[in-house]
Amino acid sequence: MVQYVSTRGPGNPQPFQHVLMSGLAPDGGLYIPESWPQADPSMLAGLAGRPYAEIAWQMMSAFAGDILPPGELQAVMREAYALGNFDHAAVAPLVQIGPDLWLLELFHGPTLSFKDYALQIVGRLFDRVLEHSGQRMTIVGATSGDTGSAAIEACKGCRNLDIFILHPRGRTSEVQRRQMTGVGAPNVFNIALDGTFDDCQALVKSLFADQALREKYHLSAVNSINWARIVGQMAYYIAASVALGAPGRAVSFVVPTGNFGNIYAAWAVRRMGLPIGSLTVASNRNDILTRFFETGTMKVERVDPSLSPSMDIQVSSNFERYLCELLGRDFAAVRRLMEGFASKGAFILPSDLHRAALNDFHAVRCSDAGTLETMRLCHAETGMLIDPHTAVALHAARSVKTGSPTVVLGCAHPAKFPEAVQKATGITPPVPPRLAGIMNKAEHMIALPNDLDRVRNFIRANAKA
């Protein structure tokens with residue numbers, strides 16, 4: 001059975017249930033597998049054409065062990081990805097958009113975002129584990145747009161938890177905000193923070209560092225610092241790869257990312273033995289990741305609002321997981337680098353490690369002007385409307401020669417960003433049924449300053465754990 005250790009020190013290895021329920025390690029690090037399970041090539045080949053829920057179950061089983069009674073984990077997967085909860089029978093369909101170029105549509109879930117693909121599992125796992133243990137939990141998360149609504153959608157009906165989501169006030173699209181704040185469930189609390197996503201994320205980490213608060217209210221994380229989120233995202237890389245001929249041939253992926261979690265899931269699948277060709281990090285104007293791969297220096301700069309707000313990030317939390325592997329699991333070195341990054345806003349990798357990172361990833365940035373042009377060209381050439389985040393990835397895909405079938409991740413439905421789509425193409429995307437009436441719903445949120453005590457006191461006053 002896989003056990004888990006922190007990126008900042010192995011300590012006592014922990015089981016999957018502990019990692020799921022705690023999110024962040026006590027030392028401030030992120031959990032990673034103590035050793036990586038390896039995927040058998042014949043097993044991978046046998047997944048071609050299988051239901052998406054079966055592929056997801058295979059991935060989760062490899063990492064979760066016996067977290068639930070026999071058969072219950074499979075039931076969770078079937079329920080999460082059932083037609084009706086997801087609106088496409090394939091769950092994550094591939095659409096060819098050019099020679100050796102495919103779009104992986106990851107917007108067929110309840111909130112029309114790729115975040116649904118993992119969170120619909122994670123919310124159900126939380127509720128079942130808590131039901132079996134007779135406990136209650138408080139989830140605290142930060143969102144730059146889509147994680148919040150997907151987490152709320154996954155947790156709003158759970159009887160055994162409360163969920164608090166911080167979003168940067170005025171820095172998400174209106175549709176993204178209303179998908180969160182339009183939910184009036186008694187266990188859902190939206191906090192509009194005066195600041196950036198990085199401010200929201202920093203506050204969440206500070207809340208987890210408060211050991212007394214963490215223990216009293218049973219805090220857990222729902223964003224991609226939670227290892228279960230990473231596992232939930234691995235399934236669509238497997239599904240797309242075997243559909244295009246893996247493991248018999250390598251498939252490349254281009255991923256729009258700010259927090260590094262989505263593309264790290266692809267790297268993790270490669271680490272398990274899936275023959276992935278190349279992995280390309282697609283950044284918007286907030287390009288800390290692209291700058292790192294260009295220079296070997298990770299340095300925080302100003303966050304500028306963009307057309308792709310879910311990527312308006314300068315502190316990519318999940319990069320620490322990859323950094324730990326890049327450093328050969330030298331946990332003390334990871335701690336030094338991350339503590340220095342927290343205090344100075346920068347660190348520099350030695351040149352040999354920088355070269356090693358370039359063997360794992362390409363990186364391409366895209367301006368807002370380039371985003372709009374790519375959206376326009378995609379519609380002109382294919383008749384398809386795409387959202388700005390997907391456009392950032394498509395721009396990158398056209399800049400990189402992979403030499404293998406290449407999959408661009410379509411991470412959000414274009415109707416979530418109607419202003420950008422209209423500006424790029426002159427067309428306002430049709431409103432899908434899931435968004436009908438969203439602008440008429442009463443909003444439920446509280447505006448708070450970027451102040452740890454104010455946020456902590458709000459949680460104390462409302463959490464029932």
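Four helices, α8 (197–209), α9 (211–216), α13 (319–326) and α14 (331–344), each contribute at least two residues to the lining of the largest pocket. The structure described here is a predicted model. Within it, the largest pocket has a volume of about 510 Å³. Its lining comprises 29 residues, of which R8, K205, V315, M338 and A342 are the closest to the centre. Helix α8 provides the largest share of this lining, with eight residues. Classified by side-chain type, the lining of the largest pocket consists of 15 nonpolar, seven polar and seven charged residues.

The second largest pocket has a volume of about 300 Å³. A total of 17 residues line the second largest pocket, and those closest to its centre are H18, M21, S22, H218 and L219. Two or more lining residues come from each of α1 (16–22), α5 (116–133) and α9. Helix α9 is thus named for this pocket and also for the largest one, to which it supplies at least two residues. The largest share of the lining of the second largest pocket, four residues, belongs to α1. Seven nonpolar, seven polar and three charged residues make up this lining.

Enclosed space was examined next. Three cavities of 30 Å³ or more were counted in the model. The largest cavity has a volume of about 280 Å³. It is lined by 26 residues, and F114, K115, T147, N259 and S310 are the closest to its centre. The elements that give two or more residues to this lining are α6 (146–155), α10 (227–243) and α11 (261–271). By class, the lining of the largest cavity holds 14 polar residues, alongside nine nonpolar and three charged ones.

For the second largest cavity, a volume of about 50 Å³ was computed. The residues that line the second largest cavity are S144, P168, R171, T196, F197, V303, P309 and D312. Four of these lining residues are nonpolar, two are polar and two are charged.

Helix α8, which gives eight residues to the lining of the largest pocket, also packs against helix α19 (residues 452–462). The angle between α8 and α19 is about 65 degrees, and their axes lie 10 Å apart. The crossing of α8 with α19 is right-handed. On the α8 side, the contact involves L203, S206 and L207, which meet L452, V455, R456 and I459 of α19. The contact between α8 and α19 is composed of five nonpolar residues, one polar residue and one charged residue.

Turning to the sheets, five strands form an open sheet in the order β9-β6-β7-β8-β16, with parallel pairing. Strands β9 (219–221) and β16 (446–448) are its edge strands, each pairing on one side only. On average, and with direction ignored, neighbouring strands of this sheet are turned by 30 degrees against each other. Within the sheet, strand β6 (residues 137–142) and strand β7 (residues 161–168) are paired in the parallel sense over six bridges. In this pairing, I139 stands opposite I163 of β7. Helix α6 packs on the sheet, where it touches β6, β7 and β8 (188–193), and the direction of α6 makes about 165 degrees with that of β7. Helix α6 is also one of the elements that give two or more residues to the lining of the largest cavity. Residue P168, which lines the second largest cavity, falls within the residue range 161–168 of β7.

A further open sheet contains three strands in the order β2-β1-β3, with antiparallel pairing. Strands β2 (9–14) and β3 (31–33) occupy the edges with a single partner strand each, so one side of each has no neighbour in the sheet. From one strand to the next, the twist of this sheet averages 35 degrees. Strand β1 (residues 4–6) runs antiparallel to β3, and three bridges join the two strands. Residue Y4 stands opposite P33 of β3.

Conventions. Residues are numbered from 1 along each chain as its sequence is written. This is a predicted model: local features need pLDDT of at least 70, side-chain atom pairs count only at pLDDT 80 or more; totals for chains, interfaces and linings use all residues. Side-chain values use heavy atoms; hydrogens and water are left out. On a 1 Å grid over the protein atoms alone, a cavity is a set of points where a 1.4 Å probe fits but cannot get out, and a pocket is an open set with protein on both sides within 12 Å along at least five of seven lines; lining residues have an atom within 4 Å of a point. Grid points are joined across faces, edges and corners, and a volume is the space filled by probe spheres set on the points. Ala, Val, Leu, Ile, Met, Phe, Trp, Tyr, Cys and Pro count as nonpolar, Asp, Glu, Lys and Arg as charged, and the others, Gly among them, as polar. Axes are lines fitted to C-alpha atoms, for helices over the stretch in contact, and angles run from 0 to 180 degrees between N-to-C directions. A crossing is left-handed if the near helix is turned anticlockwise from the far one by less than a right angle, and right-handed if clockwise. Contact means heavy atoms within 4.5 Å. Two strands pair if DSSP finds at least two bridges between them.
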